[in-house]
Amino acid sequence: MTTTVKATYANGVLTPLEPLEMEEGTEVTLSIEGDTEPKRGLPAVLAAIREIHGAIPAEAWDALPTDLASNKNHYLYGLPRVEED
């Protein structure tokens, strides 16, 4: 019997996107289609940034200080804040 199932791959595990009608522990043979070449260089970095950005809730972004760049020493080391003009 042949069944086609879409799945996602993360952390070394393929996870089906729909339930499978088979018993636990059933051995199967997989044929992989799609983009299996790992991304490298700038595309890989951009994909990682998009993934991280998407995992952070919007309200967390809203809670970040707006003066982080000019007052990094305050936030990192507790030094006095630099007043912006």
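The largest pocket of this structure is lined by 26 residues, and T3, T4, V5, L30 and S31 are the ones that lie nearest its centre. The model is a predicted one, and the points below take up this pocket, then a nonpolar patch on the surface, and then a salt bridge.

**The largest pocket**
- The space within the largest pocket comes to about 1100 Å³.
- Sorted by character, the lining of the largest pocket is made up of 12 nonpolar, 8 polar and 6 charged residues.
- Two strands, β1 (7–10) and β2, each supply at least two residues of this lining, and the largest share, 3 residues, comes from β2.

**The nonpolar surface patch**
- A nonpolar patch of about 760 Å² on the surface is made by V5, Y9, L14, L20, M22, V28, L30 and I32.
- One of these residues, V28, is found in the loop between β2 (13–16) and α1 (41–55).
- V28 has a relative accessible area of 46% and is therefore partly exposed, whereas a residue counts as exposed when this value is over 50%.

**The salt bridge**
- The structure holds 1 salt bridge, which R81 forms with D67, and the closest N and O atoms of the pair are 3.6 Å apart.
- This pair links distant parts of the chain, since R81 belongs to the segment after α3 (72–77) while D67 belongs to the loop between α2 (58–62) and α3, 14 residues apart.
- Side chains of opposite charge can pair when their charged atoms come close.
- The two partners are covered to differing degrees, because R81 is partly exposed with a relative accessible area of 44%, while D67 is buried with a relative accessible area of 13%.

Conventions. Residues numbered from 1 in each chain as written. Predicted model: local features only at pLDDT ≥ 70, side-chain atom pairs only at ≥ 80, totals over all residues. Heavy atoms only, no water. Patch = residues over 30% accessible without salt bridge, like charges linked within 9 Å, V, L, I, M, F, W, Y side chains within 5 Å. Areas by Shrake-Rupley, 256 points an atom, 1.4 Å probe, with all protein chains shown as cover. Salt bridge = Lys/Arg side-chain N within 4 Å of Asp/Glu carboxyl O. Helix = DSSP H or I, 4+ residues; strand = E, 2+ residues; numbered from the N terminus. Buried < 20%, exposed > 50% of the residue type's maximum accessible area, 1.4 Å probe, protein only. 1 Å grid on protein atoms, 1.4 Å probe; cavity = no way out; pocket = protein on both sides within 12 Å on 5 of 7 lines; lining within 4 Å. Points joined across faces, edges and corners; volume = space filled by probe spheres on them. Nonpolar A, V, L, I, M, F, W, Y, C, P; charged D, E, K, R; others polar.
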